[in-house]
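Trainee: I would like a close look at how one pair of helices packs, followed by the wider setting in which that packing sits. Please define your terms as you go.

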Amino acid sequence: MSLPAWADQGERVEPRPFARAPTRGSRPPAPVVVSFLVILVIVLGFLRTSPGGEALFGLAGSGGAELVVLGPLSVPVNPALYGFFLLTAVMGLAYAGGRLEAGGLVLGVAFLSLVGAFLVWATAGQSLNLMGMLQATLVRAVPILLAALSGVMCERSGVVNIAIEGMMLGAAFTGVVAASATGNLLVGLVGAVATGALLALVHAVLSIGYRVDQIVSGTVINIFATGVTSYLSARFLQHMAWLNASGTFPDVVVPGLSRLPLIGPLLFRGNFFFYLAIALVAGLHVLLFRTRFGLRVRAVGEHPRAADTLGVNVWRIRYVSVILGGMIAGLGGAYFTLGSVGRFDELMTAGRGFIGLAAMIFGKWTPAGAFGASLLFGFADSLQTKLQILGTPIPPEFLLMAPYVATIIVVSGIVGRATPPAADGQPYEKG
Amino acid sequence: MDDVEKAGVGRNQAPGEGQDRSRPVLELRGIVKRFPGVLANDHISLKLYPGEILALLGENGAGKTTLMNILYGLLPPDEGTVMVRGEPVRFSSPADAIEKGIGMVHQHFMLVPVMTVAENVMLGEEKVHHRFFLDRAGVSEAIRKISERYGLAVDPQAYVQDLPVGIQQRVEIIKLLYRQADILILDEPTAALTPQEVHELFGILKGLAAAGHSLIFITHKLKEALELADRIVVLRRGQVVGETEAARADEATLARMMVGRDVELVVQKPVARPGEPVLTVEDLWVEGEHGEPAVRGVSLEVRSGEIVGIAGVQGNGQTEFMEALVGLRPSRAGRVMLLGRPVTGLSPRQVLEAGVGYIPEDRQRDGLILPFAIEDNLVLDTYYHPPLSRRGWLDRRAIRQRAEKLAQAFDIRTASLGLPVRTLSGGNQQKVIVARELSRSIRLILALQPTRGLDVGSIEYIHQRIVEAREAGAGVLFVSTELDEILALSDRIVVFYRGRIVGTLEAAAADREQLGLLMAGATGTGGVAA
């Protein structure tokens, strides 16, 4: 069959690939290029101000319980700094030359070399307990991770939950009171989880049942939890100290494995809540991506109307998801009292719930991603305490900014755009 | 009957088996549905027999979709009974309708783009192993069997967002067959398809009916109802106004039933006398929503006193092209000249003030501010000029006077111009936009789907106004996915396919076959002799 002559008026040439199309802007995203340049300049700055000599990094766990106790690692400062500088420069050139497609990976390596260079520079002529810092990283990541997992659970079903901070604060309070009153830490844990679930139920009723704006509902719960716990703490806990002394869960020690050098103290000896959170990462991943319930949760978060037309009860799925998320936030709250200090202090969650939401976004709404992001935030947190001990000229508050700067970079879409569930934050109405 | 039925879940009666062809499989009796201020369904009764295709024909707003939503359990009826296989049923949710073997393909696809075909198909009726875990392999197998049996080829592991619209349509049908539905409702299923895809779809649907499924096909297109259906029921203003065997009907009778009066489907217009060019586009490149190349090197010219129609299936870059012309979307490359002046990079206000009238695609989202008063919506593009405002202060009286003049000139029917524009019917809302855009001194009209979703009366009116503007010396460039509208209104037709122009033809010499092939990208396919 042949086409008549009019059909020939269209162009027959293969379409040009769009990358070759005439362009106005520069093709490598400017922010990535700028980031590289900034990192290079900073590392160069370290080199110029380097006192030289050696940096000592401690690798042994406290108490020396390992089979082989490793001595501190000695790093020559200037050669190490040159190495990091070259690594960053090579990565940058490779990216600019178009040899490496993955901007995120390249930038990640550059960022790691910046951190390495910084540690070497700050430790020059002194010693830093690297093992202690990594252990602290894991522990400090725990509440952020639990908050992030709570957020993943809620937002995958399409409900934004900024009340995680308040849920954690309330749970931290009831956890310590219940545990102190009964003398049983597990009762405290159950009390904390129940508190998280109860506050989540309030959020669910308001935002799903009554379709109140989810941000407003979350804010209300945060204010409520702050006020109530501060009041009760000042009114009762100050006078009845026996209600505010629960003790903490003992560290988990895996027999045998914990005696291995390096990984022993890091991975097989640590906070009870750390292992709980790791189990939750795996459990939540399976739940969301391998089960019937998880499929429905994701469908409801992406396209509730489609789920509704297939007979899925959108409201019920959202209720269950928000309450499950509240229970996870309850665990996160319990960490502050039952897992960390054994007593309640006003506002002790100190914004970890919100940092958890940032970790959730950084982790692209996946449990595994949230884990990675939480580690980054935990690292920044522990870095800042160690640096205060070393006495660097940089104010520690400045260092605390690092994870937030990283979040802004991610959220602004430079390193692979993070896409929230399509129906996130939208109340569902029939008809 | 065969293993597809056994492989599925839910009911186990095979369609067409042991059914009496003279007893309706579905019957509606006296269905009434009221919405505030509207009687959407007014005592509608109809019957559907096994193995037949029933077309439900009516204009937008005739109550077709409301009726089907009642039938599918998405809305409760105010009065009336639904009978399935002779039993009265009461559905409180789609789950109940699915249980009774009713399945629906919605006008807007109900698919989750970020999930796979298998996940979309099984949602709500998941196959599991060990009580909790999704059995993806089992579902993929079931999909393959359905694909083979009905000729609905699709890869179960593909992500829906990567599939073309025609294939997504297949996924919707597979969803119903997977649930063992034997009563299939299809709500305007051809809206986003090319003529060739429509042809393919009709083949599949006829096959389904031959296999014993009963189908209700909702449409406002006469030709499609006549081509596909065995029987046609016509709805107007919520009532059944006619019923006929398709074999004994013709377009003119159906159109009269649908609209309630004789319809002139042809636009009356004098021969065009094109003058100097008002719009010149050279090699324009525009990115789409996700940075993909939506418009790829388009060049065209519109002269004063002519109407150029852009034909093409939805999503082939027409929207991005028009938005780039008016300054709502940055262009990556190319030149746009308006009356010989380059306008590339100008803001929408600057483009409009240069003499452009713009009618956007989605009037409720982009054309109007719904909670604002009608009079305010009528001056959205001029409120900042005297006499409507002075030194930043609005002159309410001048605005009201201007609005009154426009409402009269453009036949906008409302109780008060102070009411929110949201209270108007779709046709009157569109008239507000047309009045606003055509009342300035304009040299070029850019219109996207100017009559989508309107009743026949409003369509005629708006077409007439566009022709008048042409006669007054303006150039017109409009986009439509309706071939009838393209053929009726245009002096010259360009066809968009994947962001480029694949054909330009004089309207007088064009016919549907040619346009259909071009819209499907016929020039791009290999192996075609020139």
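In which sense, left-handed or right-handed, does α5(A) pass α13(A) at their crossing?

Mentor: The crossing of α5(A) past α13(A) is right-handed, the near helix being turned clockwise from the far one by less than a right angle, where anticlockwise would make it left-handed. Before going further, note that this is a predicted model, in which local features need pLDDT of at least 70 and side-chain atom pairs count only at pLDDT 80 or more, while totals for chains, interfaces and linings use all residues. Residues are numbered from 1 along each chain as its sequence is written, chains are lettered from A and ligands numbered from 1 in the order in which they are written, and side-chain values use heavy atoms, with hydrogens and water left out.

Two packed helices are described by the angle between their axes and the distance between the axes. For α5 (residues 164-182) and α13 (residues 352-362) of chain A, the angle is about 135° and the axes are 7 Å apart; axes here are lines fitted to C-alpha atoms, for helices over the stretch in contact, with angles running from 0 to 180 degrees between N-to-C directions. The two helices are therefore oblique to each other, the class left over once angles under 35 degrees are called roughly parallel, over 145 roughly antiparallel and 65 to 115 roughly perpendicular. On the α5(A) side, Ile164(A), Glu165(A) and Met168(A) meet Arg352(A), Gly353(A), Phe354(A) and Leu357(A) of α13(A), contact meaning heavy atoms within 4.5 Å. These residues divide into four nonpolar, one polar and two charged, where Ala, Val, Leu, Ile, Met, Phe, Trp, Tyr, Cys and Pro count as nonpolar, Asp, Glu, Lys and Arg as charged, and the others, Gly among them, as polar.

Another pair in chain A can be set beside this one. The axes of α4(A) and α9 (residues 272-290) come within 9 Å and cross at roughly 25°, and the two helices are therefore roughly parallel to each other. Their crossing is left-handed. The contact involves, among others, Leu138(A), Val142(A), Leu145(A) and Arg156(A) of α4(A), and residues of α9(A) including Phe273(A), Leu280(A) and Phe289(A); by class it has 16 nonpolar, no polar and one charged residues.

Chain A as a whole has 16 helices and five strands, taken as DSSP runs numbered from the N terminus (H or I, at least four residues, for helices; E, at least two, for strands). Of its 431 residues, 50% are buried, that is, under 20% relative accessible area, with exposed over 50% and partly exposed in between (1.4 Å probe, protein chains only). Among its contacts between residues at least 6 apart in sequence, 78% join residues at least 24 apart.

The largest nonpolar core has 132 residues, and those with the most contacts inside it are Val117(B), Leu205(B), Leu208(B) and Ile232(B). Helix α4 (residues 130-156) of chain A gives the most to this core, with 11 residues. A nonpolar core here is a set of buried Ala, Val, Leu, Ile, Met, Phe, Trp, Tyr and Cys residues joined through side-chain atoms within 4.5 Å. Leaving aside residues up to four places away in sequence, Leu208(B) touches Tyr150(B), Ile173(B), Leu177(B), Leu184(B), His213(B) and Leu215(B). Apart from the largest core lies another, of 46 residues, which includes Ile445(B) and Val502(B).

Tyr150(B) and Leu177(B) also appear in a helix pair of chain B. There α5 (residues 136-150) and α6 (residues 165-178) pack at about 105°, with axes 10 Å apart, which makes α5(B) roughly perpendicular to α6(B). In this contact, Val139(B), Ala142(B), Ile143(B), Ile146(B), Ser147(B) and Tyr150(B) of α5(B) meet Ile174(B), Leu177(B) and Tyr178(B) of α6(B), giving eight nonpolar, one polar and no charged residues.

Some backbone details of chain B also deserve care. The peptide bond from Pro386(B) to Pro387(B) is cis, with omega near 5°, and Pro387(B) sits in the loop between α13 (374-378) and β19 (389-390) of that chain. His43(B), in strand β2 (residues 38-48), has a phi near 50°, a positive value in a residue other than glycine; His43(B) is partly exposed, at 49% relative accessible area.
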